[in-house]
Amino acid sequence: MPDTLSRLFRRAISYDKPDAILAKHSGQYQPISSRELYRRVGKLHLALRNVGVGKGDRCAILSENRWEWAVADFALMTAGAVSVPIYATLTPEQIQYMLEHSECRLIFVSSPDQLEKVRKIWKKLPNLEGAVLFDRASSGEDERIIRLSKLVGDTPLTEEEIQQFETAMSRIEPDDLASLIYTSGTTGAPKGVMLTHRNFCSSVDHNPLQLFSQDVCLSFLPLSHVAERVADYIFYNCGATVAYAESIDAVPQNMQEVRPTVALSVPRFFEKVHAKVMAAVAVGSPTRRRLFEWALATGEQTLPFLSDGQAIPFGLNVKVRIADMLVFRKLRGRMGGRFRLFVSGSAPLARHLAEFFTVIGVPIYEAYGLTETTAIVSMNTPESWRFGTVGQVTPNNEVRIAEDGEILVRGDAIMQGYYKLPEVTAEVLQDGWFSTGDIGKLDKDGFLSITDRKKDLFKTSGGKYIAPAPIENHLKTSPYISMAVVVAEGRNFPSAIIIPDFDKLKQWAKENGIEFRNHTELVADTRIKLFMEAEVQRVVDDLARYEKPKKIVLLDRDLTIENGEITPTMKVRRRAVEAKFARQIDALYT
């Protein structure tokens, strides 16, 4: 198996597929063959080397998911350079910190909008020598900026160029630094995680999923995130076709167009899909609602058998097939109709979501990992899975649980450390064991469960410890709640900041004769607040008394990346949220 990303790239090309990549052009998905991918990567690789980019040089990629991202990444990897992926949603100031800290020489940008962010901060970046623009739009007369199309061209690689390219690839070593990935920073400044070729290839080689060259994989989570990055490497390594979504908003349409069989996502995506399905059912005819409810209840009867690996009884199996024909097949059709599996990562997946998608025939296999572990520590698979867990530990990792419940990981995929932060590295890496900051447990069969983040455990003024994530997942089972943030640290009882599902809440308000002109008026209405308080109590009814939020703050807007309230991977920045809404929170306790 490949031990460098250069060798992984060679393996990907060896499948010689006519559709190694699917990319949207002029409103339609167009194939890019393995040979054409090799040509483009080779041409860009040589262009980079011609301007002196080589081993150890840091080069950033500021772009949404697209085929050019892969070409730039492979060209950097094969040249021995260090890629620094940056989320396209970040502000110029946030981008400046990463470029400055990593001392990037070159940056790839997707569009004029992203280029404009770089222009605003360029004077503060003495190390930044140039930018490569993916779009064919004009870059103006700035000599520091060049279009990717000019570097790649359309001429074949000569024999001499191929020899130079192959020779350079063969010189890459497994322990060479491959990438600096900056953590999304739920607390404090982002840290640059140093990952080698060996780290990436270890996660790819020991991926427990069976993928095939016939698979079509839709790439839509940001490639700046280690999970999608590793997932795409896995797809290329097994010869699957990688289709790049136009945007997160376009994913439903893109699913219809490319009909993927595999994809990686985060719980928030599944929450939105589930909410849309349930909303469509709610406005359907009484007959359609009863049919859906019957089908769902029938499917749920199979879950105990599936969990225990037992055959479904004949009579139940017949009813399930009818339910599938009348209801579930149509739901799968909205996602292209060919999904074999979804992988979920980055945050805990609520059990009701895992069960719902399993019932409709689109199983979600939850995985666990961090940037520092090169994505994969454990994963559920079709052959070995258990609801409520993140699967069994992969062969390249060792896991043990510390006395305080923290998950410790050791193996070939563990990072080399945090860039320029030796003291912080020493705090989390001891004797090869990485302290994840997550609290969890291993069952007798080796399935790992995550109970919470170590730093997120709250201690009430009464001395009770509360884990917010399970409570928040309970709250999000309500169709009227889009997001929730539990508050409890040092307080005498827990409360919750609630972001409503405004479409559902507005519908309820209209049905109950409540007039409003905007979201602010909607959440300010006493009847709305009483309804939402009752809804909160309904969905947390089975929690321990000390875990139940007793009061709520209703927000009139979503949390946003721009306001610094969530990370680009949709993780809540708890400190920022609590600070921003401190007045409303304090009012609950006075």
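## Strands, helices and cut-offs

Tutor: Let's start with one pair of residues: Ile21 stands opposite Val242 in S11. Keep in mind that this is a predicted model.

Student: How do you know that strands S1 and S11 pair?

Tutor: The cut-off for pairing is at least two bridges. Strand S1 (residues 21-25) and strand S11 (residues 241-244) are joined by two bridges, so they pass. They run parallel, by the way.

Student: What sheet do they belong to?

Tutor: An open one with nine strands, in the order S2-S1-S11-S10-S12-S13-S14-S15-S16, and the pairing is mixed.

Student: Which strands stand at the edges of that sheet, and what makes them edges?

Tutor: Strand S2 (28-32) and strand S16 (392-393). Each has a single partner strand, so one side of each has no neighbour in the sheet. While we're here, helix H3 (residues 67-79) packs on this sheet, touching S1, S2 and S11. The direction of H3 makes about 130 degrees with that of S1.

Student: Glu68 sits in helix H3. How do you know if Glu68 counts as buried or exposed?

Tutor: Check its accessibility. Buried means under 20% relative accessible area. Glu68 comes out at 6%, so it counts as buried. Leaving out residues up to four places away in sequence, Glu68 touches Phe134 and Leu148.

Student: Which residues of helix H4 are buried?

Tutor: In H4 (residues 92-102) they are Pro92, Ile95, Gln96, Met98, Leu99, His101 and Ser102. These pack against several elements, among them strand S3 (58-62), strand S4 (82-86) and helix H5 (112-121). Right after H4 comes Glu103, with a positive phi near 55 degrees.

Student: Let's try the other sheet. Which of its strands stand at the edges, and why?

Tutor: This open sheet has three strands in the order S25-S26-S27, with mixed pairing. Strand S25 (481-487) and strand S27 (551-554) have a single partner strand each, so one side of each is left without a neighbour and they are the edges. Neighbouring strands here are turned by 25 degrees against each other on average, direction ignored.

Student: What makes S25 and S26 a pair?

Tutor: Use the cut-off of at least two bridges again. S25 and strand S26 (residues 495-500) have six bridges, so they qualify. Their pairing is antiparallel, and Val487 stands opposite Ser495 in S26.

Student: Which helix lies across S25, S26 and S27?

Tutor: That's H20 (residues 526-539), which runs at about 125 degrees to S27.

Student: H20 also packs with H18. Which word describes the angle between them, and why?

Tutor: Helix H18 (residues 502-511) packs with H20 at about 120 degrees, with the axes 11 Å apart. Roughly perpendicular covers 65 to 115 degrees, and roughly antiparallel needs over 145. An angle of about 120 fits neither, so H18 is oblique to H20. The crossing is right-handed.

Student: How many residues of the contact between H18 and H20 are nonpolar, polar or charged?

Tutor: Leu505, Trp508 and Ala509 in H18 meet Arg527, Ile528, Phe531 and Met532 in H20. Arg counts as charged, while Leu, Trp, Ala, Ile, Phe and Met count as nonpolar. So the division is six nonpolar, no polar and one charged.

Terms used. Residues are numbered from 1 along each chain as its sequence is written. This is a predicted model: local features need pLDDT of at least 70, side-chain atom pairs count only at pLDDT 80 or more; totals for chains, interfaces and linings use all residues. Side-chain values use heavy atoms; hydrogens and water are left out. Helices (H or I, at least four residues) and strands (E, at least two) are DSSP runs, numbered from the N terminus. Axes are lines fitted to C-alpha atoms, for helices over the stretch in contact, and angles run from 0 to 180 degrees between N-to-C directions. Contact means heavy atoms within 4.5 Å. Angles under 35 degrees count as roughly parallel, over 145 as roughly antiparallel, 65 to 115 as roughly perpendicular and the rest as oblique. A crossing is left-handed if the near helix is turned anticlockwise from the far one by less than a right angle, and right-handed if clockwise. Buried means under 20% relative accessible area, exposed over 50%, partly exposed in between (1.4 Å probe, protein chains only).
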